[in-house]
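Take a look at the structure below. This report covers the ligand and its surroundings, then the aromatic rings.

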Amino acid sequence: MNDKQARLDQIAAEIGKSNVCPDLAKTAKHLVPGEGNPDADIMFVGEAPGKKEDETGRPFVGAAGRFLDELLLSIGLRREDVFITSILKYRPPNNRDPKPHEKDAFWPYLLAQIEVIQPKLIVALGRHGANCFFPDLKIGEEHGRPREWDGYTFLPLYHPAAALYNGGMRQTLIDDFKVITTLSRN
Ligand code: URA
């Protein structure tokens with residue numbers, strides 16, 4: 001097995017062992033640590049697993065995930081080419097918003113995943129993911145505009161779920177995804 005994959009597996013195991021967010025762990029069916037290419041140049045960080053993700057243990061496999069697959073295809077990528085995770089690794093009950101202490105609890109594990117993967121580009125999907133990196137970032141104003149975070153190129157985008165039923169936002173996300181192509185060429 002790829003050494004990076006072994007280290008990612010270790011991080012996932014550590015979340016279980018360290019009993020991170022015991023309340024969420026109690027109501028969740030599965031841990032959803034993230035998946036994809038451990039050597040990926042691009043890493044996507046969403047918000048939290050939903051129902052389908054909780055049932056399968058895999059990130060972005062529901063309706064938002066299908067749209068994410070479409071967005072990836074629109075720039076010539078497949079999900080096997082990238083790494084996909086979320087800030088929370090357990091589903092919050094009834095898909096409620098992540099709480100600040102929950103995001104704080106999972107943050108070190110996200111950092112550890114970034115350190116293993118060493119992506120060229122971190123793409124935050126939605127404000128909860130984005131605000132972990134930049135607490136004051138306003139996604140409505142900053143989406144599609146790259147900046148630097150800790151030596152990495154960072155791109156905040158709208159969450160695909162928010163754009164599912166909003167034609168304007170959907171098109172914005174399609175347009176913003178093109179920025180990924182430009183950034184990952186550099
Ligand atoms: N939304 C997210 O932010 N993450 C998932 O894994 C699924 C939906």
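A polar contact is a pair of N or O atoms within 3.5 Å. Keep that cut-off in mind for the table. The model shown here is predicted.

**The ligand and its shell**

Which residues surround the ligand? They are Gly 46, Glu 47, Ala 48, Pro 49, Glu 53, Pro 59, Phe 60, Ser 86 and His 159. By type, this shell divides into four nonpolar, three polar and two charged residues. The space that the ligand takes is the largest pocket.

Three of the shell residues place a polar atom at these distances from the ligand:

| Residue | Polar atom of the residue | Ligand atom | Distance |
|---|---|---|---|
| Glu 47 | backbone | oxygen | 2.6 Å |
| Ser 86 | side chain | nitrogen | 2.8 Å |
| Phe 60 | backbone | oxygen | 3.1 Å |

How much of the ligand does the protein bury? Taken alone, the ligand exposes 240 Å², and the protein buries 93% of that.

**Aromatic pairs**

The structure holds eight aromatic pairs. One of them joins Phe 44 and Phe 177. A pair of aromatic rings is described by the distance of the centres and the angle of the planes. For Phe 44 and Phe 177, the centres are 5.9 Å apart and the planes differ by 10 degrees. This pair counts as stacked.

Where do the two partners sit in the chain? Phe 44 belongs to strand S2 (residues 42-46). Phe 177 belongs to helix H9 (residues 167-185). They are 133 residues apart, so the pair links distant parts of the chain.

Notes
Residues are numbered from 1 along each chain as its sequence is written. This is a predicted model: local features need pLDDT of at least 70, side-chain atom pairs count only at pLDDT 80 or more; totals for chains, interfaces and linings use all residues. Side-chain values use heavy atoms; hydrogens and water are left out. A residue is near a molecule or strand if one of its heavy atoms lies within 4 Å of it. A polar contact is a pair of N or O atoms within 3.5 Å; within protein, one must be able to donate a hydrogen and the other to accept it, and residues adjacent in sequence count only if both atoms are side-chain atoms. Accessible areas come from the Shrake-Rupley method with a 1.4 Å probe; for residues, only the protein chains shown count as cover. On a 1 Å grid over the protein atoms alone, a cavity is a set of points where a 1.4 Å probe fits but cannot get out, and a pocket is an open set with protein on both sides within 12 Å along at least five of seven lines; lining residues have an atom within 4 Å of a point. A molecule sits in a cavity or pocket if more than half of its atoms lie within 2 Å of its grid points. Ala, Val, Leu, Ile, Met, Phe, Trp, Tyr, Cys and Pro count as nonpolar, Asp, Glu, Lys and Arg as charged, and the others, Gly among them, as polar. Rings of Phe, Tyr and Trp (its six-membered ring) pair if their centres lie within 6.5 Å; planes under 30 degrees apart count as stacked, over 60 as edge-to-face and the rest as tilted. Helices (H or I, at least four residues) and strands (E, at least two) are DSSP runs, numbered from the N terminus.
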